[in-house]
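Trainee: Could we go through this structure together, with the reasoning behind each term spelled out as we go?

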Amino acid sequence: MVDNPINIEVKDLNVWFKDIHALKGINLRIYKNEILSIIGPANSGKTSFLRTLNRLNDLTDGFRMTGKVIFDGKDIYSKDIDVNLLRIKIGMVFALPIPLPFSIFDNVAYGLQGRIKNNKEINQRVEKALKSAYLWEEVKDRLKESAYKLSGGQQQRLCIARTLALEPQVILFDEPCSGLDPISTAKIEEAMIRLKNDYTIILVTNNTKQAARVSDRTAFFLSGELIETDITNKIFTASMDKRTEDYITGRFG
Amino acid sequence: MKPHTKQRIAFSFLFLCTLLVILPVGLILIIIIKNGLPALSWQFLTDIPRAGMREGGIFPAIIGTFYLVLGAIIFALPIGVMCAIYLNEYTKENIFSRLIRLAIINLAGIPSVVYGLFGMALFVMFFKFGTSILSGALTLGIMILPVIITSTQEALRSVPKEFREVSFSLGISKWQTIKRVVLPCAFPGIITGAILGIGRAAGETAPLLFTVAAFYLPRLPRSIFDQVMAIPYHLYVISTQIPNIPEKIRYGTALVLVILVLGINLFAIILRIKLRRKQRW
């Protein structure tokens, strides 16, 4: 993985929310077509880090940051960046499935409408996205139904399809299986592993076993600091830092 | 005394208090319906007042109220909704936004007769609209602005924050997000607020006193610069200014007003339930 070109480079990133120093001096490289998982206890800054990468933190009151996030050769926090375009290139799947109050089809087409004028192309993209998210077979005859009629696992795959429809380069997964049963979780993990061929994936997870199952590299966050990053196998068998080992073996967190 | 007995006494007392609240509402309805129902007829609703308002109907007043309310809502709904969107979606919590909120709360607390005076000074005299439907509708519109702003803000707040985040995360701009997700979700609440505003406007007398209401004008208005009769003001006139008027005409007028306002509110409630049932999240 480390041989792949760098996709995102985070340099000396500090983040504050009001007075709280949420991320402290993070340096991290994310390579193309890898799955990087981010593990760590609650309030360790995992989600804040993820939301820094697609500038979703901009919406939060009292957000301040220093440092650089280089993507496509540019700092995504520089002034001439089109945030909406950035969020198309760096898509996000949230912890809980949050379908918008539309039909299944319209949920996937939502990000495309207004951007793509050609209806035929929208249809093709929706179908392709649903297929990539392994949902097409289950919903192809009921695309006009409300997205809320789907089960939780199906809804989460719908949310993945919604992001895939925009054909991003990077997908951020924020604990995507936290509300799902084991079978739905397995389906989403399978989808992630296949998606790796076309996308770069950053996965925040509370489930260390999930990190071990799907990711190429793992980063361990603790109290806003990046403790260590390494090949997943190494982190789980021979971590450099005592705190990483303690967390993975369940001694705290 | 046993605790059980104490509890019973307390419950009875609370029940009595509740009864005291319901009682006046029931009595008002009963008295108005009992005395007013005999006056209600097709003629009463569709005829102009005759014989110095002692006979005939109240058709011009009904039409007048209809025009005034329509004008008020056409003016207040877009402004109120846009103001609420600005306050809720675009401003961050700071001194300026708190001042605006405070102003809106105060706007809701101003006595309606003061609105009347204000409307006269601004619309009738300064803008030279004269005593006219336009002046009256604008005055009513300003009066119901707080109702619309508050209920729209409530409706916007009830739209889950996550919907906005999801939309932003898909590269959709703020305005598009509001237009395509937030407003459709808030629609039932906004409509309910608008209808409650209509109900409030339909029942008010004081704002119309100096801005539009005609004492006696047994014809329909020809333009928005015409004066017009209105049901609440008409009721005031026939109850205090005209001697020897048959009681049933007064109560009949009151009944029409009550049915109108309660009907509008009931419609709002039913509409809200219907629309809410349609959308779940």
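Mentor: What follows is a set of questions and answers about a predicted model, moving from a sheet to helices, cores and single residues.

Trainee: What makes strands E6 and E10 of chain A edge strands?

Mentor: The open sheet in chain A has six strands in the order E6-E7-E8-E3-E9-E10, with mixed pairing. Strand E6 (90-93) and strand E10 (225-231) of chain A each have a single partner strand, so one side of each is left without a neighbour in the sheet. Neighbouring strands here are turned by 20° against each other on average, if direction is ignored.

Trainee: How do you know that E9(A) and E10(A) pair, and in which sense?

Mentor: Two strands count as paired if at least two bridges are found between them, and strand E9 (residues 217-222) of chain A has six bridges with E10(A), in the antiparallel sense, so the condition is met. Among the partners, Phe221(A) is bridged to Leu226(A) in E10(A), while Phe220(A) has Glu228(A) as its bridge partner. The two strands form a hairpin with two residues between them.

Trainee: What is notable about phi of Ser223(A) in that turn, and why is this residue called partly exposed?

Mentor: Phi of Ser223(A) is near 45°, which is a positive value in a residue other than glycine. Most residues other than glycine have a negative phi. As for exposure, the relative accessibility of Ser223(A) is 43%, and partly exposed covers what lies between the buried limit of under 20% and the exposed limit of over 50%, so the term applies. Glu167(A), in the loop between H6 and E7 of chain A, also has a positive phi, near 50°, and at 42% relative accessibility it counts as partly exposed.

Trainee: Why are helices H4(B) and H6(B) called oblique to each other?

Mentor: Helix H4 (residues 95-109) of chain B and H6(B) pack at an angle of about 130°, with their axes 9 Å apart. Roughly antiparallel needs an angle over 145 degrees and roughly perpendicular one of 65 to 115, so an angle of about 130° fits neither and the pair is oblique. The contact includes Ile104(B) and Leu107(B) from H4(B), together with Ile149(B) and Gln153(B) from H6(B). Its residues divide into five nonpolar, two polar and two charged.

Trainee: Which helix gives the largest share of the largest nonpolar core, and which residues touch the most other members?

Mentor: That core has 135 residues, and those touching the most other members are Ile8(A), Val10(A), Ile26(A), Phe49(A), Leu53(A), Leu130(A) and Ile202(A). Its largest share, 11 residues, comes from helix H6 (residues 133-157) of chain B. A second, separate core of eight residues includes Ile39(A), Phe220(A), Leu222(A) and Tyr247(A). Returning to Ile26(A), its contacts beyond four places in sequence include Val10(A), Phe49(A), Phe221(A) and Leu226(A). In soluble globular proteins, nonpolar side chains tend to be buried together.

Trainee: How do you know that Ala206(B) is buried?

Mentor: The relative accessibility of Ala206(B) is 13%, and buried means under 20%, so this residue counts as buried. Ala206(B) belongs to helix H9 (residues 206-209) of chain B, and leaving aside residues up to four places away in sequence, Ala206(B) touches Ser112(B), Val113(B) and Gly116(B).

Definitions and conventions: Residues numbered from 1 in each chain as written. Chains lettered and ligands numbered in written order. Predicted model: local features only at pLDDT ≥ 70, side-chain atom pairs only at ≥ 80, totals over all residues. Heavy atoms only, no water. Core = buried A, V, L, I, M, F, W, Y, C linked by side-chain atoms within 4.5 Å. Buried < 20%, exposed > 50% of the residue type's maximum accessible area, 1.4 Å probe, protein only. Helix = DSSP H or I, 4+ residues; strand = E, 2+ residues; numbered from the N terminus. Contact = heavy atoms within 4.5 Å. Axes fitted to C-alpha atoms, helices over the stretch in contact; angles between N-to-C directions. Parallel < 35°, antiparallel > 145°, perpendicular 65-115°, else oblique. Nonpolar A, V, L, I, M, F, W, Y, C, P; charged D, E, K, R; others polar.
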